[in-house]
Amino acid sequence: MMSSKKEGAVDQKRRMINETIGYIESNYRNKITIDEIAKFARVSKSGFCHEFRTATGVAPYEFILNLRINKAKELLMTTNASVSEIGETVGFGSDANFVKTFRTKTGMTPRAFRDQSDTPATENDHNV
(Lines give C-alpha, C1' and ligand atoms only; values in the text may rest on other atoms or scores of the structure.)
Protein backbone atom coordinates (compact mmCIF):
# COMPACT_ATOMS: atom_id res chain seq x y z
CA MET A 1 0.00 0.00 0.00
CA MET A 2 1.27 3.45 -0.93
CA SER A 3 1.88 5.96 1.79
CA SER A 4 -0.24 9.08 1.60
CA LYS A 5 2.91 11.11 0.84
CA LYS A 6 3.57 8.95 -2.25
CA GLU A 7 -0.11 9.06 -3.22
CA GLY A 8 0.02 12.84 -2.99
CA ALA A 9 3.09 12.95 -5.24
CA VAL A 10 1.41 10.66 -7.78
CA ASP A 11 -1.74 12.81 -7.74
CA GLN A 12 0.36 15.94 -8.15
CA LYS A 13 2.20 14.45 -11.16
CA ARG A 14 -1.07 13.27 -12.72
CA ARG A 15 -2.57 16.73 -12.25
CA MET A 16 0.54 18.36 -13.77
CA ILE A 17 0.35 16.08 -16.83
CA ASN A 18 -3.39 16.71 -17.27
CA GLU A 19 -2.87 20.46 -16.97
CA THR A 20 -0.03 20.44 -19.49
CA ILE A 21 -2.07 18.35 -21.94
CA GLY A 22 -4.81 20.97 -21.61
CA TYR A 23 -2.23 23.69 -22.21
CA ILE A 24 -0.94 21.89 -25.31
CA GLU A 25 -4.47 21.36 -26.64
CA SER A 26 -5.18 25.07 -26.18
CA ASN A 27 -1.91 26.21 -27.77
CA TYR A 28 -0.90 23.63 -30.41
CA ARG A 29 -1.77 26.10 -33.19
CA ASN A 30 0.98 28.44 -31.96
CA LYS A 31 4.70 27.99 -31.95
CA ILE A 32 5.08 26.06 -28.72
CA THR A 33 8.32 24.84 -27.16
CA ILE A 34 9.09 22.18 -24.60
CA ASP A 35 10.79 24.87 -22.49
CA GLU A 36 7.56 26.88 -22.50
CA ILE A 37 5.48 23.86 -21.49
CA ALA A 38 7.91 22.89 -18.72
CA LYS A 39 7.79 26.47 -17.44
CA PHE A 40 3.97 26.29 -17.47
CA ALA A 41 4.19 23.02 -15.49
CA ARG A 42 6.70 24.64 -13.09
CA VAL A 43 9.24 21.84 -13.48
CA SER A 44 12.60 21.44 -15.18
CA LYS A 45 12.62 20.60 -18.89
CA SER A 46 14.22 17.19 -18.29
CA GLY A 47 11.85 16.40 -15.40
CA PHE A 48 8.86 17.40 -17.49
CA CYS A 49 9.96 15.30 -20.48
CA HIS A 50 10.50 12.26 -18.26
CA GLU A 51 7.16 12.59 -16.45
CA PHE A 52 5.27 13.29 -19.67
CA ARG A 53 6.74 10.28 -21.48
CA THR A 54 6.09 8.06 -18.47
CA ALA A 55 2.46 9.18 -18.27
CA THR A 56 1.59 9.26 -21.99
CA GLY A 57 4.02 6.85 -23.65
CA VAL A 58 5.32 9.54 -26.02
CA ALA A 59 7.68 12.46 -25.78
CA PRO A 60 6.03 15.90 -25.51
CA TYR A 61 7.15 16.96 -29.00
CA GLU A 62 5.69 13.76 -30.52
CA PHE A 63 2.45 14.42 -28.63
CA ILE A 64 2.26 17.90 -30.17
CA LEU A 65 3.00 16.57 -33.66
CA ASN A 66 0.41 13.81 -33.30
CA LEU A 67 -2.18 16.33 -32.11
CA ARG A 68 -1.43 18.64 -35.05
CA ILE A 69 -1.64 15.78 -37.56
CA ASN A 70 -4.93 14.51 -36.10
CA LYS A 71 -6.42 18.02 -36.25
CA ALA A 72 -5.15 18.36 -39.83
CA LYS A 73 -6.81 15.05 -40.79
CA GLU A 74 -10.07 16.31 -39.33
CA LEU A 75 -9.85 19.54 -41.34
CA LEU A 76 -8.86 17.72 -44.53
CA MET A 77 -11.98 15.57 -44.24
CA THR A 78 -14.42 18.32 -43.25
CA THR A 79 -13.36 21.52 -45.03
CA ASN A 80 -12.33 22.82 -48.43
CA ALA A 81 -9.42 24.73 -46.92
CA SER A 82 -6.19 24.40 -48.86
CA VAL A 83 -3.42 22.15 -47.59
CA SER A 84 -1.39 25.27 -46.95
CA GLU A 85 -4.17 26.87 -44.88
CA ILE A 86 -4.64 23.70 -42.86
CA GLY A 87 -0.93 23.37 -42.15
CA GLU A 88 -0.82 26.93 -40.90
CA THR A 89 -4.04 26.50 -38.89
CA VAL A 90 -2.70 23.50 -36.98
CA GLY A 91 0.62 25.13 -36.16
CA PHE A 92 3.14 24.21 -38.83
CA GLY A 93 5.51 27.01 -39.78
CA SER A 94 5.86 26.02 -43.42
CA ASP A 95 4.04 24.00 -46.06
CA ALA A 96 7.10 21.82 -46.60
CA ASN A 97 7.35 20.94 -42.91
CA PHE A 98 3.62 20.18 -42.75
CA VAL A 99 3.65 17.92 -45.82
CA LYS A 100 6.85 16.14 -44.72
CA THR A 101 5.56 15.54 -41.18
CA PHE A 102 2.12 14.47 -42.42
CA ARG A 103 3.71 11.98 -44.84
CA THR A 104 6.02 10.63 -42.13
CA LYS A 105 3.14 10.14 -39.68
CA THR A 106 0.50 8.81 -42.11
CA GLY A 107 2.36 7.37 -45.09
CA MET A 108 0.68 9.78 -47.51
CA THR A 109 0.53 13.45 -48.38
CA PRO A 110 -2.28 15.62 -47.05
CA ARG A 111 -3.77 15.86 -50.56
CA ALA A 112 -3.70 12.08 -50.99
CA PHE A 113 -5.31 11.68 -47.57
CA ARG A 114 -8.09 14.06 -48.57
CA ASP A 115 -8.57 12.28 -51.89
CA GLN A 116 -8.96 8.86 -50.27
CA SER A 117 -11.10 10.13 -47.39
CA ASP A 118 -14.50 8.48 -46.97
CA THR A 119 -16.09 11.85 -46.24
CA PRO A 120 -14.78 14.31 -48.82
CA ALA A 121 -15.36 17.98 -48.30
CA THR A 122 -18.27 19.51 -50.18
CA GLU A 123 -18.82 23.02 -51.44
CA ASN A 124 -21.09 23.73 -48.48
CA ASP A 125 -18.41 23.01 -45.91
CA HIS A 126 -17.02 25.88 -43.91
CA ASN A 127 -13.47 26.99 -44.47
CA VAL A 128 -10.95 27.04 -41.66
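The largest pocket in this predicted model has a volume of about 230 Å³. A pocket here is an open set of points on a 1 Å grid over the protein atoms alone, with protein on both sides within 12 Å along at least five of seven lines, and its lining residues have an atom within 4 Å of a point. Grid points are joined across faces, edges and corners, and the volume is the space filled by probe spheres set on those points. The lining counts 15 residues, and N30, K31, I32, R68 and G91 are the closest to the pocket centre. Two elements, α4 and α6, give two or more residues to this lining. Helix α4 provides the largest share, with four residues.

A word on the ground rules. Residues are numbered from 1 along each chain as its sequence is written, and side-chain values use heavy atoms, with hydrogens and water left out. Because the model is predicted, local features need pLDDT of at least 70 and side-chain atom pairs count only at pLDDT 80 or more, while totals for chains, interfaces and linings use all residues.

As for the fold, the chain has seven helices and zero strands, so reading along the sequence simply gives α-α-α-α-α-α-α. Helices (H or I, at least four residues) and strands (E, at least two) are DSSP runs, numbered from the N terminus. Of the 128 residues in the chain, 33% are buried, where buried means under 20% relative accessible area, exposed over 50% and partly exposed in between (1.4 Å probe, protein chains only).

Back to helix α4, which contributes to the pocket lining. This helix covers residues 60-78, 19 in number, and reaches 27 Å from its first C-alpha to its last, close to the 27 Å expected at 1.5 Å a residue. That expected span is 1.5 Å times one less than the number of residues. The buried residues of α4 are P60, F63, I64, L65, L67, R68, I69, A72, L75 and L76. One of them, R68, also lies over the face of F92, at 5.8 Å from the ring centre. For a charge to sit over a ring, NZ of Lys or CZ of Arg has to be within 6 Å of the ring centre and within 35 degrees of the ring normal.

F92, in turn, belongs to an aromatic cluster together with F98, F102 and F113. Within this group, F98 and F102 form an edge-to-face pair, at 5.8 Å centre to centre and with 70 degrees between the planes. Rings of Phe, Tyr and Trp (its six-membered ring) pair if their centres lie within 6.5 Å; planes under 30 degrees apart count as stacked, over 60 as edge-to-face and the rest as tilted. F98 and F102 sit four residues apart in helix α6 (residues 95-106), so about one helical turn separates them. Both partners are buried: F98 has a relative accessible area of 1%, and F102 comes in at 0%.

The structure holds six aromatic pairs. Another of them joins Y23 and F40, whose ring centres are 4.3 Å apart and whose planes meet at 20 degrees, so this pair is stacked. Y23 lies in helix α1 (residues 4-27) and F40 in helix α2 (residues 34-41), so the contact ties together parts that are 17 residues apart in sequence. Y23 counts as buried because its relative accessibility is 18%, whereas F40, at 32%, is partly exposed.

Then there are the salt bridges, four in total, each a side-chain nitrogen of Lys or Arg within 4 Å of a carboxyl oxygen of Asp or Glu. E62 and K105 meet at 2.3 Å, N to O. E62 lies in helix α4 and K105 in helix α6, so the bridge ties together parts that are 43 residues apart in sequence. E62 is partly exposed at 32% relative accessibility, and K105 is partly exposed with a relative accessible area of 32%.

The side chains of D35 and K45 form another bridge, at 3.8 Å from N to O. This pair links distant parts of the chain, with D35 in helix α2 and K45 in helix α3 (residues 45-56), ten residues apart. D35 is partly exposed at 47%, as is K45 at 43%. A further bridge stays within helix α1: R14 and D11 have their closest N and O atoms 3.2 Å apart. These two are three residues apart, so about one helical turn lies between them. R14 counts as partly exposed at 48% relative accessibility, and D11 does too at 38%.

How values were computed
1 Å grid on protein atoms, 1.4 Å probe; cavity = no way out; pocket = protein on both sides within 12 Å on 5 of 7 lines; lining within 4 Å.
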